[in-house]
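Here are a few exercises to work through with the coordinates open. Try each task yourself before reading its solution.

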Amino acid sequence: MLLTQFILVDSHFILSLLAALVFFDAWSANRKMKETTLFFGFLFLAISFVAQSVIIDQALLNQTNLGVDIATLIKNISRITGYAFLIIGQIVVPLQPIPTKDKNMVGAFLLPTSYKLPAIFLLPILAAVTGFLYLRRATIGLENHQKPIALGFFVLSVSELLGLSLLFRDTNNINLLNLIGPFGILWIAERVFLALAIFIFGRWIFGYLLKRFDIQLFMILTTTSLVIFLSTTVFFTYATLNNLTNEAYDSIKTDVGVLNYSIESKKSELITSAELVAQNSGIISAITSKNKKNISAIASPVLISKKISSLVITSETGAILFKAEDPEFSGGSLSENSLVKKAIGGISASGISIKDGATAPVTVVSAVVPVISKSKTVGTVLIGFDIDNAFTDGVKSATGLDTSVYAGNVRSATTFTASDGVSRYIGIKEENGEIKKTVLTDGIGFTGGVNILNTPYFASFSPLKDVEGIPVGMLFTGRPQVSVLQTAARSLQLTFLVTAILLVLSIAPSYFISKYISAQIR
Amino acid sequence: MPKKVFIVLMLFSLLILRFAFSASMSKAAISSCNVSVSPNSLNINESGIITFNVINNDASGDPIMFIKITSPSGDFVITHGTGSYEAAVDINGVGSEVIIRLNGGIPQGQSGNYSLNITPGGNPIPSASFGVQASEIFEADSGIGCSGDTGVSIISPGQATINISGITVSVTDSTAGISWSTSVNTTGDVYYGITNQYDDNVASSGLDTAHLVNLTELSSSTVYHFQIVSVDENGVVARISDSTFTTSPAGVTTVTTVTVVPTTVSTTTATVVGDITGPVVTLTSNLKKPFVESPNILGKASDSSVIVKTEYSVDGGKNWLIPDGVNGLGSKSVKFNFNPNLTEDNNYEIVVRATDIAGNIGFSHATLIIDRLPPLVGGNIWSIGPVVTNPDSDGTIITLAGIDNKITLSAVGGPISVELLLGDTKYSMSKSVDSGLWSGTVNFSNPGFNTVKVKSIDGAGNITDQDLNSVMVIKRGKVTEKSTGGAVAGAKVSIYQEDPGSKLWNLWDGESFSQKNPQITTEVGEYSYFLPAGTYYLTISNQGYKKVTSKIFNLEAPTAVNANFEMIKGWWVNPFDVADISVTKPIISANEITNNLLSGSEAPGFSLPAVSGGVLSSTSFGDKGGVIIFINTWLPTISEQISQITSLDKKYKDRIFLVFIEESLSKISVFNMRGGYENLNMVADPDGTLVIPYKLNSLPVSYFVNGKNIIQKIITGVVTGGDMINYLDSL
C-alpha cells in the first residue's frame, strides 16, 4: 500500500512538472511581447502546473495544510488567468483568411472571487473553450498547424473535468467514493489524460524546437535540468519513505523497550514499597502476634500513599493476616502463590500476574518481600499494582507513547481510542498466530507489520513474564502504517516545493547560456 | 625537507591510530563480581529454582551486560532462566549453560537476581559449584568469573539430618520446661513418663528452630523419662535417645536448670517400607448446619506410621494453612483444631490433610456454610464483546436477537448459584475467584420487550428472586427479494469500516467484538450486528442477485444495526444506486419503562455509615434536595463518574451522596483515600439493603431527590457535571 501511494504521489508531481515544462516551452516559443496574450497565457499555465506539482492530496496529509491551500489558490488563479489570456488571444487575434469576428466577448469573462469551488468548475470549461478557439482558428482559418493545440486543450479539459471529482468526496455513496477518492480510478484517469495532453503539446512544441536553435538549446538545458531534478526528487522521496519505515520499526522497538523499562521500574518501585513495610520496626511483632490493628497501622498508609492496588500481609506459612485494600477481609491463605512461596523461602521477587476484572482480565505487577526476624522468615508482604488505562495514560504523558497491555492475548489496558475518540476497547483479543506463538509461547519479542482491527500497523510486542519466567501477557506499541506515509507526505511536499523553486531558478542561467552559445555559433 | 615531511606523516599516522583504537582501549573489563545462590540444595528428581545473586564490584564503573552461568554437571539441567535487566536469555541445547544478556545492565555496586529452573538428576550429589561469568560487553561470549559460594547439592529428603542441640530442662517441684534447638525448622514434641514407655506427650505448634515445651502437674522428687521428637517439613524425624530429669523436692518452686546431653540423636529417613496409605483424617465438628460466624473446627488423624504434618484449606485445597492447635505430631495419632476466621457469607470447601512419615497424605473434606444474609444480587453491567452496552437513561438495555450479551454482577449473602431467567430459559452464571463477581451470557432469540430475572440460592437454601433488567430486544435485519418479498437465505452480508487515520475502508474486524463478519443470512434471511462507534457501509451479495451496497453511515455510540434490505435478481449494478440504511433506536413505550417507577414517590429511607464518619440518611440533603448516586468501585465507568463530580463546586458536591452497593465501609474508605476523594460524600451499603427499595440494577444510577424527599428524576449511566448542575438546580 505504501509503495503504491508513493508511486502515485510521485507520478502526480512528475506529470505536473512535465506539463509546466510543456507550457513553459510553449511560452518560450511565443515570448515575443507582441503576442502578449499567448505570452501570458502559456506563462500562467506553466506557473499553474508548477503550483499543482506541490499539491499533495490532503486526505493523505490527514489534515488541512496551509501550504496546500496556498498552492491550490495559485494553481487555480494562474490556470484561469492562463486560459483567459489564451481565449482572449484567440478572440482578439484575427483569423488569417476571414478577419471579421466579433471582439466584444472579452467583457463576458469574469475572474472567480473564490479560488476553490467556482474556480475549479471553470477549469474544464475554459480549457475546452480554449481548445475550441484553437480548432476554430485551424479549421475556419488557415492555421491548420494549430489543430494539435486544440486537441491538446480538449484532452486537458477532460483531465480538468475529472479533477472536479474532488468536489464529491463527501458523498455517502461508497461506489462513488471508491471512484473519486484519493488515488481512485478517476484520480488516476485525470493524470492519464494530463499525460496524454502533455504528449500532444510536447509534439507540437517539438516542431518549434526544430526551427530555432537558441530555443532548442534552451529547451534541452531546461529539460535536462528537469530530468535531473525529477530523478533526484524521486530517489530522495523513495529514500525518505524507506527511511521513515525503517525508523518507524526502530522507533517502536525502542518504544516497547521503554514500556518494558517502565514495567521493570514499577517492579522495583513495588519492591521498595514492600520493603518499606517489611522493614518497619513494628511489623515483626505485629505479624507474630497477628495483631491486625498494628499491621493495618503500618500497611494501610503505604497502600494509600503509594497508590497501590493491593497490599497483603501473610504469616510465614502464607496465611492471610491483613488485606490493606479490604481491611475487613479475614481468613484464607496464599501458601501456593508462587510469589509468596518465594518470600517464605526468604527471597524478594516480582512478576506479572493476571486476574479477572469486571469486563476484561487485568494485568497486575506484583512484588513480594519476606519479613525477616533473626534470619528467619516470619511473614511476607505482597503488593499488587493493576496496570489499567490510567497507568498507560501515565506512560503516554511521560513518554508520548501510545501503548496497549495484554493479559494473555486479551487487551487489558490501552491508550488507543476508538473512532469516537473516547471509547477504549478493553477485552479485544489478539488472534494473530505468529504473535501468539512468538510472544506468548516462545517468550520473545515480535516486531513487524500486523493488522489490528483490520488496520495495518507497524507493531512491536514484548512478553510480560510471571515470576517463573513464563509469558503471561504482552506489551504493545505501534503506529498505523498510514501515519508513516502521512509523515512522509509532509516531507515530500517540502521536497516538491524546493524542487519546483530550484527548477524555476534554473531557467535564467539556461536562457543566458543558450543565448550565449547560439550567439557564439552565429 | 622530505625527511621532515616523513616524520610529520608518521606522527600524524600514529595520532590517527591512537584515536582509532582509543574507543576500544578505553573500555575496561569488569574487574570483580560476587555471586551467591539460594537455596543450596535441590531434591532428587524435583525441578526447582535456584536464584543467583550477582553483585557488580567493578572498579571502573562499567555495568554488567552479560552473564554466563554454567552447570557443574549433567545432573543439573537448566530449563529456563530469567532475571533483572534481562534482554535475552539463551540456553544451550543440553541445558548446561545459560547466557543472559542485559538491557542497561547491573550498575556498579548493585546486584541482580537471576532465577534458573533446574531439573536435578535422580541421585544425591554433594555440593557442586556453578560457574558464573560476567562481562560489560553485551555481545560477549565469556567474562570474568564471579567469586562466591555457588555450591548446590542434590539431596534425597530422607537423607537430610536434623541436629538437636542445647537441650536444657528447667524444673521445679511440679513443672519442667524443656528447651532445645534444631538445625532446621521442625515441630517439637516431648514424650515423657516415669518409665521409658512414655505415657504422655506435649507438642509445640508450628515449625521452628527454637523449641520450648512445658510439662506440668509433675510429681516432686521424681525421675521422669523423656524423649524429644522433631520433624521437619519433609518428614525427616530427629529423635534423641531416652533421657531423664528429676523434679525438685516438694515445696521447692525455684527453677533449677540442667543441661541434658543425650546419648544419641537419631534421624529417621522419610521412607517407611510397607506404608502406602495415608492417615485417616476425621473432622469431629459438625459442619452440616450453617454458621453465622466462623466456628472452631476440631478433628483428628491417625496412621500406622507417625504423622508429621497437618494442614487445612478453605478453598478446596488450593492454598493451605496450619491449624491453630495440633497435638501429637510425630506420633501415630494427632488431634487438631482451627478457626478459619471467615467472615463473608459463602460455602467454603474445607479440606484437611495429614501427612505421614512415608509421605502418604490423607484428606478429609467438608463444606462450611457461613450464612449471615440471604443472597442478594446488586449492580450489574452488560457488554457485547468488549463494548459495554449502557442502558437508556430509563434503565432499559437495548440489544439484538441472536447476539451473546455478557452480564456481570455483584452479589452478597454467599450465593452458591446465580441463574438468569428469561421466561422458562435459564442461564447459569459463574463466580470469579479474583473479583468475586458473577458473570454469564444471555442470548435473546426473539425480539420484543423482556424482563430478565435473576434467582440466587445460598448454601443455607435461602432463595432470592429479583428482576434484573428491562431489555428491549430489537428484531434482526432481514434480506428479502424485492419481487416476491421472500427471504434471501445464504446471502453474504459484510460490514466495512472507515479507518479514521488513512480514510481507507477495511472489512470490520467482527471477531474482536465477538461477532462474525461477514455474516451469511439465515434461512429466513436474517442478519444482525452490534457495532461500536465509527463510520461504516454494508454490502450484501448473493449469486443471481444484484449486489446491494448501503449508504455510508456514521454511529456516534455503540448501536445495533438491523436495517432491512431488498435484493433484485440480475447482475448489473448501478454504481449510483445505494440503499438507505436506518440505524435509529427503537421507541420504548411508557408502560414498558420499569426503571422510573419510583419517580414522583418518596425516596426510600436509609441511614448508612459514611466514610467521613457518622451516618448519612435520605433526609440529610435538607431543603435543597440532592442526588443519590448508586455505584460500585469495580465499575469501568466509576472514574468517569467521579471525575464529573470532582469538577463541581463545593455547594453541589455537598448535595451528592455516592452510595457503594455491596461493598464494605473499610474498602470504600481505602478507595476514598487512595483516590484523594476526601471532599466527596461516600456511603457504604455492604449488605445491599437499598437494592430492593430503590430497584437497582444497571449502575451507576442517579436518584435526584427534592427537599421534600420526593424522587424527581432517575438517570441511569454516567451523569455529566453540567447535567448534574442543571438537575440539582431544578430540584
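**Exercise 1.** How many residue pairs are in polar contact across the interface of chain A and chain B?

*Solution.* Step one: apply the polar contact rule (a pair of N or O atoms within 3.5 Å; within protein, one must be able to donate a hydrogen and the other to accept it, and residues adjacent in sequence count only if both atoms are side-chain atoms). With both residues at pLDDT 80 or more, the rule finds 19 residue pairs across the interface of chain A and chain B.

Step two: see which elements of chain A take part, with helices (H or I, at least four residues) and strands (E, at least two) taken as DSSP runs numbered from the N terminus. Those giving two or more residues to the side that touches chain B are helices H7 (174–180), H11 (292–305) and H15, together with strands E3 (349–355) and E9 (455–465). H7(A) gives the largest share of that side, 4 residues.

Before going on, a note on the model: it is predicted, local features need pLDDT of at least 70, side-chain atom pairs count only at pLDDT 80 or more, and totals for chains, interfaces and linings use all residues. Residues are numbered from 1 along each chain as its sequence is written, chains are lettered from A and ligands numbered from 1 in the order in which they are written, and side-chain values use heavy atoms, with hydrogens and water left out.

**Exercise 2.** Find how many salt bridges there are between chain A and chain B.

*Solution.* Look for a side-chain nitrogen of Lys or Arg within 4 Å of a carboxyl oxygen of Asp or Glu. The count is 2. One of them joins B:Asp208 to A:Lys376, with the closest N and O atoms 2.6 Å apart.

**Exercise 3.** Is B:Ile322 buried or exposed, and what does it touch?

*Solution.* First place it: B:Ile322 lies in the loop between strands E25 (307–313) and E26 (325–327) of chain B. Next, the classes: buried is under 20% relative accessible area, exposed over 50%, partly exposed in between (1.4 Å probe, protein chains only). B:Ile322 is partly exposed because its relative accessibility is 33%. Finally, list contacts (heavy atoms within 4.5 Å). Leaving out residues up to four places away in sequence, B:Ile322 touches A:Thr317, B:Thr310, B:Glu311 and B:Tyr312.

**Exercise 4.** Which backbone oxygen does the side chain of A:Thr438 reach?

*Solution.* Start in helix H14 (residues 433–441) of chain A, where A:Thr438 is found. A:Thr438 counts as buried because its relative accessible area is 15%. Its side chain reaches the backbone oxygen of A:Glu434 at 2.6 Å.
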